[in-house]
Amino acid sequence: MELVQIQRSLVDYTKSLFMEGFLDAQFLQLQQLQDDSNPDFVFEVVSLFFEDSEKLLNELIIALDQPNVDFKKIDSHVHQLKGSSSSIGAQRVKNACIAFRNYCDVQNIEGCLTCLQQVKQECYLVKNKFETLFRLEQQIMASGGSVPTIELGF
Amino acid sequence: MARNGGVAWMRTTEKIDGYDLSTSDTEEVHVLAVDDSLVDRKVIERLLRISSCKVTAVDSGRRALQYLGLDEEIQKKETNGFDPFFYCDFQGLKVDLIITDYCMPGMTGYELLKKVKESSAFREIPVVIMSSENVIARIDRCLEEGAEDFIVKPVKLSDVKRIIDYTTTELREGELREGARAKRRGINKRKQREGDDDLSSSPPSTLSSSTSSSPSSSIQSATAPSSPSTLDSPTRRLKMTSSE
């Protein structure tokens, strides 16, 4: 595939992620922080997020499995996950966390379990999206091209 | 508490990339960033560096106090003969600004703010609070306690630039006042040697200060490295002896 075509694919793909709500404006902030001196910044932060979220999700599974569920602890974990997903612009994960916290507040275990599944699902989905994104970027770099930047206002 | 685990939680970026530097060394703002989230720490560190700051990022309020040399626990331990070497590296460059997350396990950003403002040595350092919760009561409480500003997360580049701008301005004004005072002293000395009558305070040409803060407090907040440190804690003394 020609370089120009891959670049167009990347732009279209990124736009679709915004349209579908996977990403929000904070992701654009992250991209602004990437430059020649820090060419892998976005990849690094996103990777950190997935390492972090995996740990948090495991903690949540364990915490919800206890005979006496500690809702404060669960809320704390979800709060963390909400924070870091918000920092990278992973909007759907963040929203799923908000819903999760609401069920924590009223100590509804069934609601929490459902939300946990949703958060897991959203993390999984956005992870795949990012992998595709990074793969396209790598193809562009390998062909000697530069990664096009997305402008707001589409 | 392993010795080799000492610096794992803290990273100081003392060098800015060559082409990032648009200000001279003395004007670079050194920011102490405090956040328990690894993701957020990485982002805030980058936001600050791209805004031409030196950054030290720590993961808790406790580490922040240790870096400042304010941690009572460590001071107590050292006065009891505990090995100071482990801690001496933790105190570093003079901090011009503290930016801290509100919600942290152990010590919250609010508690850190209080501790800083209660300290005579560090209360002049502006403290900015970051929080994902946009709660008016929380914001008010922080501002009442002396916080410089309150940023709602996620933090954007424009938030950081705004804060660095007015911190730099305040520091520069502090330096100008300091420079002006030094100039006046210099002029006075020369006049005395020449035998002239006392010089009435002629305002220096560069000064356009509109603040009314007392001279002693602005000296403390200026970045002049020659100003004597008022911090005479056991940690500082021990640090000097162990470096021989």
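How many nonpolar, polar and charged residues make up the lining of the largest cavity? In this predicted model, that lining has six nonpolar, two polar and three charged residues. The cavity is one of four in the structure with a volume of 30 Å³ or more. The space inside the largest cavity comes to about 70 Å³.

Residues from chains A and B line this cavity. Chain A is represented by Gln26(A) and Ser87(A). From chain B come Asp35(B), Asp40(B), Val43(B), Ile44(B), Leu47(B), Met130(B), Lys153(B), Pro154(B) and Val155(B). Helix α1 of chain B, residues 38-50, gives the most to the lining, with four residues.

The annotated site of chain B is considered next. The UniProt record, an unreviewed entry, places the feature "modified residue: 4-aspartylphosphate" at Asp101(B). Asp101(B) belongs to strand β4 of chain B, which covers residues 97-101. Its relative accessible area is 7%. Asp101(B) therefore counts as buried, the cut-off being under 20%. With neighbours within four places in sequence left aside, Asp101(B) is in contact with Val34(B), Asp35(B), Asp36(B), Gly109(B), Met130(B), Ser131(B) and Lys153(B). Among these contacts are Asp35(B), Met130(B) and Lys153(B). Asp35(B), Met130(B) and Lys153(B) also appear in the lining of the largest cavity.

Chain A has six helices and zero strands. Its elements run α-α-α-α-α-α from the N terminus on. The C-alpha trace of chain A spans about 60 × 30 × 25 Å along its principal axes. Chain A has 154 residues, of which 47% count as buried. Its exposed area is about 8,200 Å², with 48% supplied by carbon and sulfur atoms. Among contacts in chain A with a separation of 6 or more, 68% join residues 24 or more positions apart.

Leu10(A) provides a local example from chain A. Helix α1 of chain A, residues 3-19, contains Leu10(A). The relative accessibility of Leu10(A) is 3%, so this residue counts as buried. Beyond its neighbours within four places in sequence, Leu10(A) is in contact with Leu133(A), Leu136(A), Glu137(A), Ile140(A), Val147(A) and Pro148(A). One of these partners, Glu137(A), lies 127 residues from Leu10(A) along the chain. The C-alpha atoms of Leu10(A) and Glu137(A) are separated by 7.3 Å.

Definitions and conventions
Residues are numbered from 1 along each chain as its sequence is written. Chains are lettered from A and ligands numbered from 1 in the order in which they are written. This is a predicted model: local features need pLDDT of at least 70, side-chain atom pairs count only at pLDDT 80 or more; totals for chains, interfaces and linings use all residues. Side-chain values use heavy atoms; hydrogens and water are left out. UniProt positions are given in the numbering used here, feature names are shortened, and annotations may be inferred rather than shown by experiment. Helices (H or I, at least four residues) and strands (E, at least two) are DSSP runs, numbered from the N terminus. Buried means under 20% relative accessible area, exposed over 50%, partly exposed in between (1.4 Å probe, protein chains only). Contact means heavy atoms within 4.5 Å. On a 1 Å grid over the protein atoms alone, a cavity is a set of points where a 1.4 Å probe fits but cannot get out, and a pocket is an open set with protein on both sides within 12 Å along at least five of seven lines; lining residues have an atom within 4 Å of a point. Grid points are joined across faces, edges and corners, and a volume is the space filled by probe spheres set on the points. Ala, Val, Leu, Ile, Met, Phe, Trp, Tyr, Cys and Pro count as nonpolar, Asp, Glu, Lys and Arg as charged, and the others, Gly among them, as polar. Accessible areas come from the Shrake-Rupley method with a 1.4 Å probe; for residues, only the protein chains shown count as cover.
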